[in-house]
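Let's take a look at this fold together. Keep the picture beside you as you read.

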Amino acid sequence: MIPVRVHGVALLPPDETPVMLLQETVGEQRWLPISIGAPEAGALIAAYQEVEHVRPDTIELIGHVVEALGRRVERVEVTALEEGIFLADLVFDDDTRVSARPSDAVAIAVRAGATLEVDEDVLDAAAAEIQFAGEPDPADAEQQIADFRAALDDVKPEDFGDRPD
């Protein structure tokens with residue numbers, strides 16, 4: 001299992017589908033985008049921002065029930081990708097596992113301060129290269145570095161003007 005963190009929720013054009021973005025915290029730092037519904041996106045954002053509702057939403061309610069039963073969510077594991085559907089488990093402190101949608105499981109984990117992990121095979125199959133608006137394209141950066149190095153090959157000391165005393 002590979003540790004990941006919630007990077008956030010993005011809306012993908014053209015229909016603004018919410019996507020939960022998980023990022024590997026070690027190694028290659030791969031991204032795992034998982035499509036989720038709008039209500040699930042709202043619950044995840046509320047959990048991430050630690051929003052407390054006057055009456056508990058479903059994610060908060062599940063957390064209260066788990067606590068009332070004397071258990072603790074230890075981690076969430078995204079375990080498989082079957083026919084385009086991601087599968088996840090809530091793993092409790094007594095090693096009990098409960099299958100859940102990744103969006104719900106991750107929101108519960110965020111509220112509980114639990115760790116998030118993704119199976120290596122899932123990352124291998126579904127990891128995506130993600131570039132955010134305003135970030136330089138890595139290919140452009142590599143070209144800029146190559147151009148700078150080539151320019152350095154032609155630099156002479158007199159190109160720098162007067163030398164200080």
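Right after helix 2 comes Gly-70, with a positive phi near 75 degrees. (Helices here are DSSP runs of H or I with at least four residues, strands are runs of E with at least two, and both are numbered from the N terminus.) This is a predicted model, where local features need pLDDT of at least 70, side-chain atom pairs count only at pLDDT 80 or more, and totals for chains, interfaces and linings use all residues. Residues are numbered from 1 along each chain as its sequence is written, and side-chain values use heavy atoms, leaving out hydrogens and water.

At the N-terminal end of helix 2, Asp-57 acts as a cap: one of its side-chain oxygens sits 3.3 Å from the backbone nitrogen of Ile-59.

Which residues of helix 2 are buried? They are Ile-59, Glu-60 and Val-66 (buried is under 20% relative accessible area, exposed over 50%, partly exposed in between, with a 1.4 Å probe and protein chains only). Looking down the axis of helix 2, these buried residues fall within an arc of 125 degrees, so they line one face; the arc uses directions from the helix axis to the C-beta atoms. Thr-58 and Ala-68, on the other side, are exposed.

The cover over the buried residues includes these elements (contact means heavy atoms within 4.5 Å):

| Element | Residues |
|---|---|
| helix 1 | 38-48 |
| strand 4 | 73-82 |
| strand 5 | 85-92 |
| helix 3 | 102-112 |

Now the sheet: seven strands make an open, mixed sheet in the order 3-2-1-7-4-5-6. Strands pair if DSSP finds at least two bridges between them. Strand 3 and strand 6 are the edges, each pairing on one side only.

Technical notes: Polar contact = N/O pair within 3.5 Å; in protein donor to acceptor, adjacent residues only side chain to side chain.
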